[in-house]
Amino acid sequence: MVQKFQSPVRVYKYPFELVMKAYERRFPTCPQMPIVLDCEIIKDESLENGAKRSTSRRCKLAVDAPYIFKKLIGVDFVFFLQHNYLDMGNRTLSIEAVNESFSSRIEIFERCRYYSHPDNSEWTCFDQTATLDIKNFFGFEHSMEKMGMKQYTQTTLKGKEIIEYFISQLREEGITHVDRWTPPADAPKSPVLDQVSDQHHDIMLDGDFIARSLGQLTPMQESKLLELRKMLDGVDDVERSPSYQTILRFLAARDWHVSQAFAMLCDSLRWRQEHRIDTLLEEYTKPAVVVEHFPGGWHHHDKDGRPVYILRLGHMDVKGLLKSLGMEGLLRLALHICEEGIQKINESAERLEKPVLNWSLLVDLEGLSMRHLWRPGIKALLYIIETVERNYPETMGRVLVVRAPRVFPIAWTIVSAFIDEHTRSKFLFYGPDCVHMKDGLAQYLDEEIVPDFLGGPCKTMIHEGGLVPKTLYKMNSLEEDHDDDVAAVELQATASTAEALVPAKRLSTIIQHDHNNLYKSVELKAGFSHELLIRNEDPKSVLTWDFDVMRNDLHFTLYRVTQELPEKNDAAVSYFDLQDFVEGVNYFREEPTLICRHKESVQGSHVMHHNDSYLMHWFSPSGAQLNVFYEVLSSVNYKGSMTSLQSAFSSNSSAADSVQSR
């Protein structure tokens with residue numbers, strides 16, 4: 001397998017002639033490169049009246065490998081051939097080096113070049129490429145590959161340091177200037193090469209640019225960055241090449257595997273082109289429901305200079321927003337936030353004159369309840385996460401989750417499985433006292449910008465959220481029955497809503513889900529019950545529920561049943577009508593009876609510790625309507641340790657109560 005390496009452009013802020021004088025001093029040996037034992041000149045000739053010089057050297061290098069390895073291959077040093085071609089007229093030095101030792105088994109080829117900076121003739125540029133092709137090496141091919149990569153990294157790091165060292169040495173000797181070569185008066189003119197023609201100088205990837213815009217990269221990372229950038233030049237159906245910052249993010253997201261990053265980035269660029277993402281900031285207008293009811297917004301910068309976005313998720317009416325915007329509308333809002341984030345990242349980097357590559361998210365979970373685990377809402381969230389991770393990798397630097405309630409472990413269990421492992425490592429969780437606790441928010445946010453809702457001094461311009469009025473719901477987003485007060489929970493016509501919101505092509509393929517059977521609507525006559533029997537074969541799995549109560553009160557109780565119960569053929573018949581069905585003997589009350597009022601929504605969960613059946617029981621004293629959904633979370637996915645999570649209430653008639661547990 002052929003390994004290819006390429007370094008970014010290194011810039012020496014000295015004239016070419018002075019750099020060349022420093023370069024000559026590194027031969028035959030120099031203290032900064034102890035691996036080079038000797039360099040013997042085997043050819044040296046001056047051409048065209050001294051305008052050009054061709055020099056060949058045979059260099060002896062120590063084998064930088066473990067003792068046992070050197071014994072196995074039978075050598076302590078190897079030889080390389082180096083060919084230099086200096087053109088003083090055009091101010092370039094081209095260097096080629098190949099291995100002489102083991103040349104039938106390994107091919108190492110390195111090409112370096114010094115040349116006058118295209119935009120500043122008083123500076124000198126340096127670039128370097130190398131290939132390593134290990135054909136057969138006594139069964140140590142992988143070890144040789146690792147040593148080759150190590151050697152490339154070391155020589156790349158040392159190269160600039162060596163030139164700087166010898167320039168400093170020349171300065172101490174009083175040599176700070178070397179005249180440019182001028183041809184004799186009677187000498188024929190040598191053709192001048194166009195140095196710029198074979199270089200891409202839209203943004204020169206030099207060491208200063210990397211330090212200023214990309215941060216600290218290893219030579220191997222720099223090489224892969226250049227490799228991917230050159231691969232993108234050959235893509236015909238991409239209108240605009242991405243920035244080096246974007247290329248860096250995709251490489252980091254694919255663990256620096258160039259081919260994988262290339263495929264991911266090309267897919268994303270085509271997606272952006274197809275859906276006009278580059279014009280989203282100019283063309284997108286926030287719908288009224290977002291302006292009035294979406295509890296999120298930008299809020300200053302953290303201590304690392306990252307823009308901070310605050311999302312008060314616990315105050316969000318997920319159901320109302322989804323029914324008002326549709327799946328695609330909610331996704332488009334998320335993409336607009338991501339595009340704003342990229343813009344603010346770039347502004348922050350320019351203002352601070354240092355690399356800023358991502359933004360921070362502060363998520364306030366006060367008020368989070370099982371109501372937020374409404375399945376269509378969760379599916380919409382996962383759909384958004386998938387799209388964002390695919391097209392905006394490594395843009396999230398840190399996620400600060402504050403005031404996490406007891407229900408949060410369940411939500412995190414569901415969502416975290418769909419978040420990249422590296423992204424999950426950026427999440428930090430805090431309880432109620434996130435401001436004053438040791439290692440709290442003060443680690444990441446300056447005290448003066450801590451939001452007021454967390455006890456800080458800084459007011460935010462973020463909406464409080466609250467219940468979205470039904471008047472903002474899209475047509476057919478609800479399945480209404482004869483009673484206008486019934487809050488039906490089926491999410492319908494998602495695709496048609498998306499098409500109405502986004503006239504262009506949809507942002508990605510929507511998976512059609514059948515939400516009609518998600519919540520079951522039950523009419524209960526006075527004095528009758530509704531029962532759901534869950535047979536549990538997975539100890540420590542979690543039973544979760546969400547139901548709405550309409551017209552009159554209902555009594556809800558959860559029981560554990562130890563005897564085998566038959567299937568019911570008649571819904572009007574209760575298990576409690578069975579003979580010998582005695583509380584404390586063959587059934588047990590697991591949750592106390594809750595009196596659920598008209599227009600209340602109830603969410604709760606229970607860890608099912610036993611291999612028994614669990615019976616959800618609703619009793620209607622006066623006749624009522626029940627809309628109910630339940631789900632069992634596998635013990636494999638649920639990692640919580642609590643024995644039970646209390647049920648939470650929310651009222652359909654109160655905006656404040658609908659998003660906060662009480």
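Modeller: Before we start on this predicted model, a residue is called buried here if its relative accessible area is under 20%.

Colleague: Fine, so how many residues of helix α1 are buried?

Modeller: In helix α1, which covers residues 16–24, 7 of the 9 residues are buried, so the helix is largely enclosed by the rest of the structure. The buried residues there are Phe-16, Glu-17, Leu-18, Val-19, Met-20, Ala-22 and Tyr-23.

Colleague: And which cluster do ring pairs make with Tyr-23?

Modeller: Ring pairs link Tyr-23 with Tyr-12, Phe-27, Tyr-114 and Phe-126 into a cluster, and Arg-57 lies over the face of Phe-27, at 3.7 Å from the ring centre.

Colleague: How many aromatic pairs are there by count?

Modeller: The count comes to 21 aromatic pairs. One of them joins Tyr-12 and Tyr-114, which are stacked with 6.2 Å centre to centre and 25° between the planes; Tyr-12 sits in strand β2 and Tyr-114 in strand β7, 102 residues apart, and both residues are buried.

Colleague: Why is the pair of Tyr-559 and Tyr-587 edge-to-face?

Modeller: Their ring centres are 5.4 Å apart and their planes stand at 80°, so the pair is edge-to-face, given that planes over 60 degrees apart count as such.

Colleague: Switching topic, in what order do the 5 strands of the open sheet run?

Modeller: The order is β9-β10-β11-β12-β13, with mixed pairing, and the edge strands are β9 and β13. The twist averages 20° from one strand to the next.

Colleague: Which helix packs on that sheet?

Modeller: Helix α10, residues 318–352, packs on the sheet and touches β9, β10 and β11, its direction making about 10° with that of β9.

Key
Residues numbered from 1 in each chain as written. Predicted model: local features only at pLDDT ≥ 70, side-chain atom pairs only at ≥ 80, totals over all residues. Heavy atoms only, no water. Pairing = 2+ DSSP bridges. Helix = DSSP H or I, 4+ residues; strand = E, 2+ residues; numbered from the N terminus. Axes fitted to C-alpha atoms, helices over the stretch in contact; angles between N-to-C directions. Contact = heavy atoms within 4.5 Å. Buried < 20%, exposed > 50% of the residue type's maximum accessible area, 1.4 Å probe, protein only. Phe/Tyr/Trp six-rings, centres within 6.5 Å; stacked < 30°, edge-to-face > 60°. Lys NZ or Arg CZ within 6 Å of the ring centre and 35° of its normal.
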